[in-house]
Amino acid sequence: MKTLLLIDGSSYLYRAFHAMPDLRSPTGDPTGAIYGMINMLRRLEKEVQFDYSACIFDAKGKTFRDELYPEYKANRPSMPADLAAQVVTVHEVVRASGWPLLMVDGVEADDVIGTLARSAEAAGMRVIVSTGDKDMAQLVTPAVSLVNTMTNENLDEAGVKEKFGVPPDRIIDYLTLIGDKVDNVPGVDKCGPKTALKWLEEYGSLDGVIAHAANVGGKVGENLRAALDWLPRGRELITIKCDVPLQAELPQGMDSLLHGSRDKARLAELFAACGFRTFLREVSEPAPDTATASAPAAPALHTSGDLFGDDSAVASATVVAVSNAPAIARHYDTILSTEQLDEWLQRLAAAEVVSLDTETTSLDQMQARLVGISFSVAAGQAAYLPLAHRGPDAPQQLDFDATLARLKPWLEDASRKKLGQNLKYDRHVFANHGITLRGVADDTLLASYVIESHERHGMDDLARRHLNETTVSYEEICGKGAKQIGFAEVAVDVAANYAAEDADITLRLAQHFAPLLSGKLAGVYRDIELPVAEVLFKMERNGVLIDRDRLAAQSHQLGSEMLQLEQQAYALAGQPFNLNSPKQLQEILFGKLGIPTKGVRKTPSGGFSTDEEVLEKLALDHPLPKLILQYRGLAKLKSTYTDKLPTLINPQTGRVHTTYAQAVAITGRLASSDPNLQNIPVRTAEGRRVREAFIAAPGHVIVSADYSQIELRIMAHLSGDAGMLAAFASGEDIHKATAAEVFSTPLAEVTTEQRRAAKAINFGLIYGMGEFGLASQLDISRDAAKLYIDSYFRKYPGVAEYMQQTRDAAREQGYVETVFGRRLYLPEIRAANQARRAGAERAAINAPMQGTAADLIKLAMIAVQGWLEAERLQSKLIMQVHDELVLEVAEAELALVREKLPQLMAGVAALKVPLLAEVGVGNSWESAH
């Protein structure tokens, strides 16, 4: 069979640009991408046997996909100027090197590749596509395979099935469901690879999934039904077009793709202009036609994942000749001998800063054990130290305990600067081995979060977004789902390339972020996020004591209450039914009971929704929806907390250790998981009972310190409203003061009901609540609600002015800021859709309050932890929830902590109004309130 080799030239171009150092021609023009492209193509010529070939690039201008979906690839950064300056020369070098080059207007390179692959296959040829693009997997057949020179990965039909979990003819369906974030193609919200595979296994195809969407339960089922109108367009965007007219580009048919001979005269001109001396000698002298004929000897830098393969020696020699600087092509070591360890310990000691990453046995930070450690001391220079790989082919590794003992002094030396991606996790891993990691200078996860809180902050995402690098993913080397292996089972050479790349990329990201972290952003990063990460690490290690017996009793009680509610529901419905079935509930409410459906939202299948929002509205007039809401609330409480919390108790410590995530909420708020402490209900007796199970150890008490009316105080500071500032300065009850104005009532005569209404107004307006929302909350007419709001703004005109100024600033710059300078981006503030734009405007008003509150509580944590350590107290921080700090305090230290805690929290910032923290004490978290 004849073989056609198709090269994804656009992908090669970006990879070459980011893999090479900043090479310059004698006239100062950038040349790194050109040089890298030459080496990559030459490697293919040496390693792949082929009869026909083509190097395909994206043409300039829009494609049919942009017409189909204007937001297509909208989140991709524009081509770097230094790369754009090299594109024309790259094309000329490719053509002069004998490679047929194709660019077709109106379509992407993928579409040209797909068309050529299908045409060649129909003509009885074998096709090899050289690319790193996962979308190309849809082209694989018995005659078409993929090769990724970056990872040495070859994918045939079986390889696609093993990598993605679906065969090639289902790749389009799979990608349509999960979406393509790189190209900004939405899928089904919250549908990841596992869910997509499950659906495709159950229903056979995307069409089958769509046809059975009504049968899919849960939130993801709702998301699927919400996406039904979109999915056909998403599929069209993801499908590679395989019928592009190419007669003009291939006048001689497939013979137009015969590999040509090199145009040495033209190459000599190009190489001379670029300053590629070795390449120039090669085409100028009568010598064998190979890249290494005249290259001086140099140490080989080849690893299994090296971009340049065996040509690395040439790369090294030529870069020195051109730029008088050392090459930065990837050089990854695997440390297996004492001599190598000695050498790397010297490099770590000499480096100004070291990028550090751990490979472990588990994502559970309290249980994870080390498998290996990677280091990077400069861009492209990294090493992996395997410590616990196992298997028949695993090489002899250095002694685990002895090697850690040698590393420990450097790891614990605060003067040795380290950086990483989410180093809080690595701190835990080292702590599990008795090592205290010190000297943390930078964390790329937190840097990204401060710079662009609205984006994703995983290392793979950051590499694509900022370095245009496609990194090797964990799933690529460990597999997915039931077939996934532990990192200790991964072959050491494969693990070394993956782990060293992580350290290398992280170092490069830190270098990229450094100039972006200036001014106020630098303060948020250096003074808030980095130090609070260390406090969170200590809080997570501390954990909280849980009363297992109390939770068991609560679970039993909740189960009994649910059974009673179930029987009451049967009586109201006139028959038994599954309270957890939306379909059966829909039939009971709107069919048997005949509840009017006017205003009830329809589902994609044509039925009527029974989600929480709908039930809350129906519950105002009907008893069964109210009862269903009660049942669901108890069921969630039981499954999420009273049943689950005991399973989360660490067997070594006897405590629950939540994980705090910093880089999640765009406002700067912390999130917690396993367990999620933020979502324990506090407005119901059942929810408050759960907090009774969070208890103090013997000889200790629980102390809770909560900022009082923090967001209203921040509003007073930001707006500078005279009335609001005066109320807080005099210590007035702000809700009573508001009620007195809104209801034209003397302050002393304000009723409890009036204060409640004023509280709803105070908090509602800073959350962007309008007349309709306030009317619903207070159960009054919209006219009355409007009067209340108008009265409010007469009382506090500075608030109204601040709100308008904030909307205007958000529209102008795309973000708002906290008091401390944290930027809160609002991607939809200029959206054409009025509802989305209005939502962004509401968020613009509230975000500075929430964000500043988040900054304040973080500063409070830093201050409190610093004081506890300075005083060498036994008391410790154990939880942070919303605007509250929770401590486990030794009884002998209670008086001191109770006095000092509110002072520390009030003193973290000087606002125009005083900060106030209220302190409570008890034997449990609940009783401390």
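Which residue in strand 4 does L5 stand opposite? In this predicted model, L5 faces I128 of strand 4, and the pairing is best followed by starting from the sheet to which both strands belong.

That sheet is open and has six strands, arranged in the order 3-2-1-4-5-6 with mixed pairing. Strand 3 (101–102) and strand 6 (153–155) stand at its edges, and because each of them has a single partner strand, one side of each is left without a neighbour in the sheet.

Strand 1, by contrast, has partners on both sides in that order, strand 2 and strand 4. Five bridges connect strand 1 (residues 3–8) with strand 2 (residues 52–56), and the two run parallel; strand 1 and strand 4 are likewise parallel and are joined by five bridges. Individual residues show how these pairings are laid out: L5, which stands opposite I128 in strand 4, also stands opposite S53 in strand 2, while L6 is placed opposite A54 in strand 2.

The side chains of strand 1 can be followed next. T3, L5 and I7 point one way from the strand, whereas L4, L6 and D8 point the other way, and all of these residues are buried. Strand 1 is accordingly described as mostly covered, with six of its six residues buried.

Helix 6 (residues 109–122) adds a further element to this picture, since the helix lies across strand 1, strand 2, strand 3, strand 4 (126–130) and strand 5 (144–148). Relative to strand 1, helix 6 runs at about 175°.

Terms used. Residues are numbered from 1 along each chain as its sequence is written. This is a predicted model: local features need pLDDT of at least 70, side-chain atom pairs count only at pLDDT 80 or more; totals for chains, interfaces and linings use all residues. Side-chain values use heavy atoms; hydrogens and water are left out. Two strands pair if DSSP finds at least two bridges between them. Helices (H or I, at least four residues) and strands (E, at least two) are DSSP runs, numbered from the N terminus. Contact means heavy atoms within 4.5 Å. Axes are lines fitted to C-alpha atoms, for helices over the stretch in contact, and angles run from 0 to 180 degrees between N-to-C directions. Buried means under 20% relative accessible area, exposed over 50%, partly exposed in between (1.4 Å probe, protein chains only).
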